[in-house]
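Reader: Could you take me on a close look at one part of this model, the helix that meets two others, and then show me how the rest of the chain sits around that picture? I would enjoy one connected account.

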Amino acid sequence: MKSKDNILKIAKDSFVNQGNAILNLHKYLTADFENAIRKIHSSSGRVIVSGIGKSAIIGSKIVATLNSTGTPSIFMHAAEAIHGDLGIIQNDDIIILLSKSGNTAEIKNLIPFIKQRNVNIISISSEPNSYLAKNSDYFLNSHIEKEACLNNLAPTTSTTAQLVIGDAIAICLSQINGFNKNDFAKHHPGGILGKKLYLKVDEIINKNLKPQLLESDDFKTTIDVISKNLLGAAVVVKNNKPIGIITDGDIRRIFSNESNFNNILAKDLMSKDPFIIDSKTLASTALSIMNKNKITQIVVTEDNVYSGLIHLHNILNEGLF
């Protein structure tokens, strides 16, 4: 059993090894990278990514990143390809093949059949003199000095390098294609990412709870409205437009400063010019406003007419933090 100090040193050495390898990748960028990106960009087909072993796992992740950033892609396992999956390949598709050595048997067996289909091959490999590199239209060098594995055997740093190159391909294509936040939201409608980019205030506001007061409402009515609606505040309106807000904090302060509440009206308690957002505002934007101004409620309007009050908890319940 290694001591704690040795374990931490091994971990740090792994970080340094992989970090340095990534930082050095830019030295191996050539015109092939730029030309490969332009080829994919101008193609009407899809990107098909293939590999074997750990490279296959990295290939699946590259496909996921390409798809989520606007480049239609599909994964084809190198071992399954020559047993029927070659049917995936269509005219104008572009193939990305991943292999550290570039001489893996499955990859070498696959290349002649790909060439018969007259599609371009982009290779990601650490060996520029390999069979894969020499039979590719575009060679992307994923050179590393040494694996993070202590025996220099297990694919660690090499697969990290492949992944980083795949990410760079996806990022370049997304920028060339003008892929923006709205496009990203369309591709990620579910989960927290989707909610941050897609979920609007009017979709989560509780329209059954609409605490509303007039300037002339008395103190008891004010407390009743705030208590009944469970949002910790009520909005003072005039001609259906918000002109102020009263929070439970305002109520506590008046209790500590006053003893006679008979003549206190809503207009005496309200804070004027409350924070107001439109109902189509993103929930993530509303959360940002609340955090910045250290408030827990914000007034919502639709066409400048009061439509409700959203509480911090409404947003947090959606998983947005």
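Author: Happily! A residue counts as buried when its relative accessible area is under 20%, and as exposed when that value is over 50%. By that cut-off, 42% of the 321 residues of the protein chain are buried. Please keep in mind that this is a predicted model.

Before we zoom in, here is the setting. The protein chain has 14 helices and 12 strands. Its radius of gyration is 30 Å, well over the 20 Å that the globule rule gives for 321 residues, so the chain is more spread out than a compact globule. The C-alpha trace spans about 90 × 55 × 35 Å along its principal axes. Among contacts with a separation of 6 or more, 64% are between residues 24 or more positions apart.

Now to helix α7, residues 157-176. Let us take its meeting with helix α2, residues 31-42, to begin with: the two axes come within 10 Å and cross at roughly 55°. That angle makes α2 oblique to α7, and the crossing is right-handed. On the α2 side, the contact is made by F33, I37, I40 and H41. On the α7 side, I165, A168, I169, C172, L173 and I176 take part. Sorted by class, the residues of this contact are 9 nonpolar and 1 polar, with no charged ones.

Next comes helix α3, residues 54-68, whose axis comes within 9 Å of that of α7 and crosses it at roughly 20°. Because the angle is under 35 degrees, α3 counts as roughly parallel to α7. This crossing, too, is right-handed. From α3, the residues K54, S55, I58, K61, I62, T65 and L66 meet α7. Their partners in α7 are T159, Q162, L163, G166, D167, I169, A170 and L173. By class, the contact of α3 with α7 has 7 nonpolar, 5 polar and 3 charged residues. If you lay the two lists side by side, I169 and L173 of α7 appear in the contact with α2 and also in the contact with α3.

Further along the chain, helix α11 (residues 248-257) has G249, D250, I251 and I254 as its buried residues. These pack against α10 (219-229), β8 (241-247), α12 (266-269) and β9.

Two of those neighbours lead us to loops. After α10, in the loop between α10 and β7 (233-238), sits L230. Most residues other than glycine have a negative phi. L230, however, has a positive phi, near 60°, and at 67% relative accessibility it counts as exposed. D273, in the loop between β9 and β10, also has a positive phi, near 55°. With 71% relative accessibility, D273 counts as exposed.

The loop between β9 (271-272) and β10 (276-278) also holds F275. Here the relative accessibility is 41%, so F275 counts as partly exposed. Leaving aside neighbours within four places in sequence, F275 is in contact with I289, N293, I295, I298 and V299. F275 and V300 are 25 residues apart in sequence, with their C-alpha atoms 8.7 Å apart in space.

Definitions and conventions:
Residues are numbered from 1 along each chain as its sequence is written. This is a predicted model: local features need pLDDT of at least 70, side-chain atom pairs count only at pLDDT 80 or more; totals for chains, interfaces and linings use all residues. Side-chain values use heavy atoms; hydrogens and water are left out. Axes are lines fitted to C-alpha atoms, for helices over the stretch in contact, and angles run from 0 to 180 degrees between N-to-C directions. Helices (H or I, at least four residues) and strands (E, at least two) are DSSP runs, numbered from the N terminus. Angles under 35 degrees count as roughly parallel, over 145 as roughly antiparallel, 65 to 115 as roughly perpendicular and the rest as oblique. A crossing is left-handed if the near helix is turned anticlockwise from the far one by less than a right angle, and right-handed if clockwise. Contact means heavy atoms within 4.5 Å. Ala, Val, Leu, Ile, Met, Phe, Trp, Tyr, Cys and Pro count as nonpolar, Asp, Glu, Lys and Arg as charged, and the others, Gly among them, as polar. The radius of gyration is taken over C-alpha atoms; the globule rule is 2.2 Å times the number of residues to the power 0.38. Buried means under 20% relative accessible area, exposed over 50%, partly exposed in between (1.4 Å probe, protein chains only).
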